[in-house]
Amino acid sequence: MVNDLLLKFPILVEVFIPSIIFLVVFSVSLVTRRIIFNRLSHWVRKVSMQMDDIILPTLKGPSLILCLMLSLYFALQFSRLPEHITQVMSKSILILGIISVVLALGNLLSGVIKFYTSRADSGLAVSSLTQNVAKIFVFSVGALIILNSLGVSITPILATLGVGGLAVALALQDTLANLFAGFHISVAKQIRVGDYIKLETGEEGYVVDFNWRSTKIKMLSNNLIFVPNDKINKLVLTNYYLPDKEMAVLVDLRVHYKSDLERVEVVTCEVAKSVMADCPGGVAYFEPFIRYHSFGDSGIKFTVILRAKEFVDQYLIKHEFIKRLQRRYIQEGINIPYPVRAINYAQEETV
């Protein structure tokens with residue numbers, strides 16, 4: 001009965017049955033995918049909560065492509081399409097599977113690199129350059145596998161790339177110089193994303209990113225500076241986050257020659273300690289101190305040494321310290337002298 005029906009209506013074999021098989025396999029694949037992802041999510045959360053945000057999102061898209069690929073494969077097995085069309089469809093399914101695996105590996109490798117390099121105990125620099133290079137490597141290998149599966153010999157392609165690479169290298173010297181300088185920045189770890197740096201040319205700010213061509217620096221004024229990687233390697237720069245974010249804050253002052261220097265030291269240190277304890281960005285455990293260092297034109301000069309948690313904290317610390325110190329000096333009767341220049345007329349007349 002069924003055979004007679006199939007012979008009478010061949011379209012059932014050609015269209016209806018493969019479509020039903022496709023829908024059934026696709027539905028089963030989606031349910032299986034959901035179960036696997038639920039268990040994988042539960043396992044990953046036990047191992048690491050942060051890895052949960054990396055592994056699952058990178059596998060969702062490629063796994064959906066795999067479900068589609070399996071459904072097409074089984075539907076194709078029950079179809080009566082011409083042989084040449086079947087071969088084309090099989091090749092397409094194979095390419096689709098390779099693409100899904102390559103996408104999953106590329107996104108997963110990029111996420112893992114970002115995760116491990118952004119950890120506090122990691123000495124590696126995380127940037128778009130390192131992540132993009134990892135993706136390009138995986139995608140290049142995937143492209144060669146696809147070409148090989150299509151019957152295209154990759155040996156001549158590799159040989160052509162080797163010869164053509166020399167010509168490209170000569171034509172793109174500046175670009176390649178910036179590219180390899182970016183790799184050097186990543187490996188040398190002298191500059192990391194998030195560091196506050198100052199170039200010898202005067203530009204300063206936070207390192208936002210470095211890509212294949214330039215290093216992006218965000219100034220305190222919220223402007224962006226793009227410096228070629230090759231220039232960064234050649235310039236003298238100061239990294240205020242190495243070896244540690246904490247830094248000394250120096251405030252130069254002077255008091256009148258008739259001041260009691262012992263009393264000045266005690267009062268100044270008391271004010272500095274209160275600033276360290278109360279001011280955001282101050283290092284509470286640090287003991288501020290002063291050092292007298294020279295006799296100026298109008299007073300005795302000294303420097304107050306405080307400490308900030310990072311570079312930008314120094315501005316608020318200086319602000320609070322100067323306000324509190326000026327108020328306390330007035331209460332204590334300590335005089336901060338105005339700049340004074342005395343002219344000796346008698347001496348001038350003898351010349």
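Leaving aside its neighbours within four places in sequence, Ser 214 is in contact with Asp 209, Phe 226, Val 227, Pro 228 and Asn 229. The model in which these contacts are found is a predicted one. Ser 214 belongs to strand β3, which covers residues 214–218, and with a relative accessible area of 7% Ser 214 is buried, because the cut-off for that class is under 20%.

From this strand we turn to the salt bridges, of which the count comes to 11. One of them joins Lys 198 to Glu 204, with the closest N and O atoms 4.0 Å apart; Lys 198 itself is partly exposed, its relative accessible area being 32%. Another salt bridge is formed by Lys 234 with Asp 230, and here the closest N and O atoms are 3.3 Å apart. Both residues lie in helix α8 (residues 229–234), and because they are 4 residues apart in that helix, about one helical turn separates them. As for accessibility, Lys 234 is exposed, with a relative accessible area of 62%, whereas Asp 230, at 24%, is partly exposed.

A further salt bridge is formed between Glu 332 and Arg 263, whose closest N and O atoms are 3.0 Å apart. This pair links distant parts of the chain, since Glu 332 is in helix α10 and Arg 263 in helix α9, 69 residues apart. Glu 332 is partly exposed, with a relative accessible area of 31%, and Arg 263 also counts as partly exposed, at 35% relative accessibility. The two residues are, in addition, members of a network of salt bridges that links Arg 263, Glu 270, Arg 328 and Glu 332.

The helices that carry this pair also pack against each other: α9 (residues 261–278) and α10 (residues 313–332) do so at an angle of about 140°, with their axes 9 Å apart. Angles over 145 degrees would count as roughly antiparallel, and the two helices are therefore classed as oblique to each other. Their crossing is right-handed. On the α9 side the residues that take part in the contact include Arg 263, Val 264, Val 267, Glu 270, Val 271 and Met 276, and among those they meet in α10 are Ile 317, Phe 321, Leu 325, Arg 328, Tyr 329 and Glu 332. Taken by class, the residues of the contact of α9 with α10 divide into 10 nonpolar, 2 polar and 7 charged. The members of the salt-bridge network, Arg 263, Glu 270, Arg 328 and Glu 332, thus appear again in the contact between the helices.

Definitions and conventions: Residues numbered from 1 in each chain as written. Predicted model: local features only at pLDDT ≥ 70, side-chain atom pairs only at ≥ 80, totals over all residues. Heavy atoms only, no water. Axes fitted to C-alpha atoms, helices over the stretch in contact; angles between N-to-C directions. Parallel < 35°, antiparallel > 145°, perpendicular 65-115°, else oblique. Left-handed = near helix turned anticlockwise from the far one by under 90°. Contact = heavy atoms within 4.5 Å. Nonpolar A, V, L, I, M, F, W, Y, C, P; charged D, E, K, R; others polar. Buried < 20%, exposed > 50% of the residue type's maximum accessible area, 1.4 Å probe, protein only. Salt bridge = Lys/Arg side-chain N within 4 Å of Asp/Glu carboxyl O.
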